[in-house]
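Hi there,

Thanks for offering to take a look at this one. The structure is just below, and my notes come after it.

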Amino acid sequence: MNSTSPASAGPATSQSLHSSDGNGERVRKGERSRTRILDAAARLLSCHGYAATTLTDIASAAQMQAGSLYYHFDSKDSIVEEVLRVGIDHARCAIDTALDSLGPGASGADRLAEAIVAYVNCIVAESSFTVANIRCFNESPPKTRQSLAVPLREFANLWVSLLVEGQADGSLRGDANAGALARILISGLNSLASWYRASGELRLNELARQFADMVLGGLARPDTTRLASAAPPPLQQHA
């Protein structure tokens, strides 16, 4: 990221040298302005995409002059990169919080289900930053995609590790490639950003749980499925 700290912009004056409170207030004001810019950019990018969102649009949504944006960011692409990076952070935080709530004794399957529910909620209801990431990553310049390659790879590896945990403890089938499954799963979840509408027939919690149930159903151990289907009917009692 290329940004200029408000406290260091321009030469120091005698007043600023003797007023740490004044410096602190300017820093806080600069941070608030920067947050306002990012919030506005996330909303626009999540709705309109990279190409259709201009610096003028972002400034207007943030209720700032367009030239003021350059005090915090040196280009549209630097704003976009930060929005997309925050989107990844929001998703990771939502999933980590959900996993922490389960405690150490949860099975791999249960942890995967909670991660799915948390990510669905993050996409649909909680974070325009995450939706902006999903919508704009492939539209963004190569330099931006390259800068985000590591956090995105770490995000994918989080899902791989959840699948591997379930395979290791026997709660998920072990004959599937965890790396390929993780990418299929992420792609399916990301698609929610383009088609889910809160006004539709499915409520968010129902959608999240149904998605998790379908994934876990497909990843059930084959031996368990066969045993269940081959089980004889219960004996009938005769008078």
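Here is what I found, going from the whole chain down to single residues.

Please keep in mind that this is a predicted model.

Let me start with the overall picture. The protein chain is built with twelve helices and zero strands, so if you follow its elements from the N terminus, you meet α every time, as α-α-α-α-α-α-α-α-α-α-α-α. Of the 239 residues in the protein chain, 38% are buried. The area that the protein chain exposes comes to about 13,500 Å², and carbon and sulfur atoms account for 53% of that area. As for contacts between residues at least 6 apart in sequence, 72% link residues that are at least 24 apart.

Next, a residue in a loop. Phenylalanine 73 sits between helix 3 (55-61) and helix 4 (76-102). Is phenylalanine 73 buried or exposed there? Its relative accessible area is 2%, so phenylalanine 73 is buried. From its C-alpha atom to that of isoleucine 37 the distance is 9.5 Å, and the two residues are 36 apart along the chain.

Last, the cysteines. How many disulfides does the structure hold? The count is zero. Take cysteine 122, which is in no disulfide: the nearest cysteine sulfur belongs to cysteine 93 and is 8.7 Å away, whereas a disulfide needs the two sulfur atoms within 2.5 Å. Cysteine 122 also counts as buried, because its relative accessibility is 1%.

Happy browsing, and do write back with any questions!

Best wishes

Key: Residues numbered from 1 in each chain as written. Predicted model: local features only at pLDDT ≥ 70, side-chain atom pairs only at ≥ 80, totals over all residues. Heavy atoms only, no water. Buried < 20%, exposed > 50% of the residue type's maximum accessible area, 1.4 Å probe, protein only. Helix = DSSP H or I, 4+ residues; strand = E, 2+ residues; numbered from the N terminus. Contact = heavy atoms within 4.5 Å. Areas by Shrake-Rupley, 256 points an atom, 1.4 Å probe, with all protein chains shown as cover.
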